[in-house]
Amino acid sequence: MATPGHRSGTGSQPNRLDRGGLIDRSRTIRFTFDGKTYTGHPGDTLASALLANGVVLTGRSFKYHRPRGILSAGSEEPNALVELRDGARREPNTKATMAELFDGLSATSQNRWPSLEFDVMSINSLLSPVFVAGFYYKTFMWPSALWEKLYEPMIRRAAGLGRASDDADPDTYDKATAFADVLVIGAGSAGLMAALSAARTGARVILVDENAALGGRAIDDAAEIDGKPAADWVRSVETELSQAKNVRILRRTTAFGAYDGGTYGAVERVSDHLPKAAEGAPRQRLWRLVAKQTVLASGATERPIVFGGNDRPGVMLAGAVRTYLNRFGVAPGQRAVVFTNNDYGATTVTALKRAGVDVVALVDSRPELSEQVKRIAGEAGTKLISGGVVTGAVGKKRVTGVTIQTRTDDEIKLECDLVAVSGGWNPNIQLTTHQGSRPVWNDTLHCFLPGVLPHGMSLAGAVAGDLALHKALAGGATAGASAATSTGRQATPTAVPKAAEESEAITPLWRVKNPNGKAFVDQQNDVTASDVELAEREGFRAVEHLKRYTTLGMATDQGRTANVNALAIMAEITGRSIPETGITVARPPYTPVALGALAGHHREKNFKPTRLPPSYRWAKEQGAVFVETGLWLRPAYFPRPGEKDWLETVKREVTTVRSAVGICDVSTLGKVDLQGADAAAFLDKIYMNGLKTLGIGKARYGGMLREDGIFLDDGTVARFGENHYFITTTTANAVKAVQHMEYCHQWLFPEMDVQIVSATEQWAQYAVAGPKSRELLQKVVDPEFDITDAGFNYLQVGEITVCGGIKARLYRLSFSGERAYEIGVPARYGDALIRRLMEAGQEFGACAYGTEALGVMRIEKGHISGPELNGTTTPRDVGLGGMVSSKKDFIGHVLGKRPGLTDPDRPTLVGFRPVDRQARLRSGAHFIARDAVPSASTDEGYMTSVAFSPSNGHWVGLGFLKRGPDRIGEIVRAYDPVRGGDTLVEVVSPVFVDPEGVRVRG
Amino acid sequence: MAKQGLTATSAFLHWKPVANSNLTVDARETLTMASFAAAKGKKDELNAAVRAAYGVDLPKTPSRVEGQQGVAFVWAGPEQWLAVAERKDGRDLETEFKKTFGPLASVVDQSDGRVVVRISGPRAREVLAKGIPLDLHETAFRPGSAAITHASHIGVILWQIDDKPTYEVALFRSYVDSFAHWLLDSAAEYGVAHA
């Protein structure tokens, strides 16, 4: 990299240096900020381009609406948040320091009205005594009704950050998983060395960095490596890694969370640096990275020193000043004061001088100066104020000068437009704490270092406390090689490139005494040093309390420039050490992650997969209305022209089935193929009713209980051969029922010879129901199969062929109460079969029916379903107590006998009809005696299922009523306060149609 | 007498084959498939029967072997397999296996229950990585490897055919539309136009 030169000083980009930086000066690109057009170069961030154009005021603060500028050059930025892009792509709270510049970028400042220069809400600053820590809790106490209507909207308007777009996000997001032997997080000098030495062993390496360019602080500091500019070394490493087949470099990718088993969450900003994502490309990609070993080389974040007016635009972290000079070729000011408590901060003087920036003074709070600082000041010819502090930055919308208190307590005023401040560095330890490990205070380096590391993680570089470049390079080489070795690779030492030995000496200074003006600890949340003092006075001394009382450390920057200063100040006030005071640990994410990235392709209709039944295409052609049942999309009903609402359609479908014939897709029922010598014995264990006597070619209802005696699922069991059964489950419980069966086989009865295979999707299965069902079926069943009542009676099953030799299965089962069959064919013929059945059914007046008519007819027949099998009911509760076998042991048998489950007072299934036959019933209503006062103690049960019964001409219901079957004929109240219902209902038999069960037998 | 025959319908409602230099995606709709499981205590005899008829041993770990007569066997659980073959000349593995294995195994037709999608080409691995949370790197998953896993929340059986690489994914028929949506979305950045 060329040495930065002097500013051009005129025309566009007046603060752009003549040379230097990793920007592409051959191209000039345009962007707008608050509607005004500026220019920059590829390689700029929005922040560097604004600074190049002399824009230092970038936003207003959260609470006091104070003018704010750019504090940092990275993802720790608390102030320079903008709304990026327009329209549906508008994204609020975007860090200008991380937004890469592209041609046509548009950004708007936030939290100001009517303009950034003149913001009426800055009056809050005058009211600041009101807005101290805890003001939410103190100010708007009473009356509480005003909270929602007045206070909250008012505070939100005054204090909010940016505005999100109201439009749907037009971009796509992707998710992917990648695996590595060694994951290296951070591509600064330590991370690059770690990746290089791991890659050279042949290990699979993934290297991630949140920035577009690799190199980290070595580039920012324009360091020399092996006697050459750091950029040259970075380029050579990058070339070697890019060409290695075993290395994947993910740029613009933030590892935001550390999870169990070496899993890391990362988000790659694939297209955020482009005006628009390339055709087909996602905007961002969420990575799940799984690594055997991880080298964390996440660097460190510089901390400010807390002094008066330290939030003025023009006060900037010293490291960020060097970044703008060296990486972007921008001078962030013309007359600078450097304020530091450490040797590294002092190097900023050299960088400024080299760029031709006038350094008014180097203020070093340490009375005893190191040789390095003296040398720097001497070489630069800069005034050195040792043992002094900057007490205040003065100016309004940008710094115009500082007040300095000398060692001898004299006050000096100096004019300047840039204050570069360094209070030391905090290692970026966040990922080490995500699994609960607490950091450890280091008394030499004066920072928190990682404590116990997550399994498989090691450290390199600044995060390990090795701030100096020569140490970071060496540490990276060691960490990379040893991580690779842990995965079974052979490592030969990688030569560590040479770098000058740098001093990291520091004497802590957290804040200045007697600040001149408001001294901010957390700039994003407008928390001042006096707020910390107030919190202490009011008893919020624990760090967790301090955080929540003052809101310190929250929001998009997660307090990365604030937390350690705040707790150090708290330690100072309370006379405790920093480790005694403690630290809040971080949770994921390290930086904000867009919800779109977490959703990926799973949004809107694709939130979860959809399952389409075999008749879907045909039903859609018919104009069916569909309903989601679990993942399935099933036809709910089939409206015909002239029908005014769903009820009319459903009535017609029910009436057709009961008088002629209807066809319904029941393929969604779970189907399980069960074979083996012990299949019958196994069924006897998992069903409550006896199945041993079930003959070949017959089907029987089966009820399955949980271990605790509660109903799990029901369905039919058909027997096709000596050792071959075919079971159906409800649609909703299909997966659960198979899991249960697998569990029973694998864990409870492993000695049994049983094989279980799900066959749900093999068969397209249709219910053909109604008095004309047999006649209809005879049109498709091949003539060699006798399906007359003599040859194929109720509950018979058989393997047949249809339509000239297509294999099929026929079951004489009924859910509707009518003569009915279910016919199954291999799913590929499902579409053709429904068309053929409908065609053949024309002469009988057949119709298709959906889940609504299905539901109506099962309620009319008193058949239980999902609302009755609700996870709290026993066989007796649902009226099937008589079916429970007393002759065998089965799952649920023993615990089902518990007194609570056999209490005769338990609400039990009965039917209900409204006394006023015009009245509508609603499920969910609770039953109470006619004269009772509604309360929990007078509650006698609840309605589970209701339907308008076309067969009865009024509403009917099923429900659980205390001693229900003994109370037939009684009138009770169906009380439904939620929907204002209070209806008298008569207790009746749950079977409303054909109580003798004549029709099913034909 | 009714009309004879029924026409088979594709499970792929919204689908178009993909073929570019990055990726090819094909629906394989001419397969016969059967699940089979060894009867208790019969796994060795079953293996001998398979060896005699198809010249291979049944896999004991998640993998796929190609036998003679064009049948491939994919491990599908302890003592369970999925067998796949071309459905030409009315071939039906369920019938074939019942005859060959007799009481040694229970056999269930899956020719319609599952559909198979073949994904091949230089970008196949990256596309699958967007939904399948397994390490498909050439050193971890090779031709002949198989896995029971999920792709974008849809349960699948995955196996690798060759090192182009070519993979096949078997999934339940009703999920095909959602699977295709995910696959084409995920392939979009490799020049695959969206359906």
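In chain A, helix α7 (residues 318-326) and helix α8 (residues 343-354) pack with their axes 9 Å apart and at an angle of about 25 degrees. Angles under 35 degrees count as roughly parallel, so α7(A) and α8(A) are roughly parallel to each other. Please keep in mind that this is a predicted model. The points below start with this helix pair, then turn to chain B, the contact of the two chains, and a few backbone details.

**The α7/α8 pair in chain A**

- Two packed helices are described by the angle between their axes and the distance between the axes.
- The crossing in which α7(A) passes α8(A) is left-handed.
- On the α7(A) side, the residues that meet α8(A) are A318(A), V321(A), R322(A), L325(A) and N326(A).
- Their partners in α8(A) are G345(A), T348(A), A351(A) and L352(A).
- By residue type, this contact of α7(A) with α8(A) divides into 5 nonpolar, 3 polar and 1 charged.

**Chain B as a whole**

- If you are tracing chain B, expect 4 helices and 11 strands.
- Along the principal axes, the C-alpha atoms of chain B fill a box of roughly 55 × 50 × 25 Å.
- The radius of gyration of chain B is 17 Å, which agrees with a compact globule of 195 residues, because such a globule would have a value near 16 Å.

**The two domains of chain B**

- The domain assignment splits chain B into domain 1, made of 18-28 + 113-190, and domain 2, covering 31-109.
- Taken over C-alpha atoms, the centres of domain 1 of chain B and domain 2 of chain B are 23 Å apart.
- Where these domains touch, domain 1 of chain B contributes 11 residues and domain 2 of chain B contributes 10 residues.
- On the domain 1 side of that contact, β8 (114-120), β9 (146-151) and β10 (154-162) of chain B are the elements that give two or more residues.
- Within that side of domain 1 of chain B, β9(B) gives the most, with 3 residues.
- The residues on the side of domain 1 of chain B that touches domain 2 of chain B are 7 nonpolar, 2 polar and 2 charged.

**Where chain B touches chain A**

- The contact of the two chains takes 44 residues from chain A and 39 residues from chain B.
- On the chain B side, β3 (31-38), β7 (105-109) and α4 (176-187) each supply at least two residues.
- The largest share of the chain B side comes from α4(B), with 6 residues.
- The side of chain B that touches chain A is made up of 14 nonpolar, 16 polar and 9 charged residues.

**Backbone details to look up**

- P588(A) and P589(A) are joined by a cis peptide bond, with omega about 0 degrees.
- To find P589(A), look in the loop between α15 (578-581) and α16 (595-599) of chain A.
- Chain B has a cis peptide bond joining K164(B) and P165(B), where omega is about 0 degrees.
- P165(B) sits in the loop between β10 and β11 (166-172) of chain B.
- Q558(A), a residue other than glycine, has a positive phi near 50 degrees.
- Q558(A) belongs to the loop between α13 (543-550) and α14 (563-574) of chain A.

Definitions and conventions
Residues numbered from 1 in each chain as written. Chains lettered and ligands numbered in written order. Predicted model: local features only at pLDDT ≥ 70, side-chain atom pairs only at ≥ 80, totals over all residues. Contact = placed C-beta atoms within 7 Å. Nonpolar A, V, L, I, M, F, W, Y, C, P; charged D, E, K, R; others polar. Axes fitted to C-alpha atoms, helices over the stretch in contact; angles between N-to-C directions. Parallel < 35°, antiparallel > 145°, perpendicular 65-115°, else oblique. Left-handed = near helix turned anticlockwise from the far one by under 90°. Domains from an automatic or database assignment. Rg over C-alpha atoms; globule rule 2.2 N^0.38 Å.
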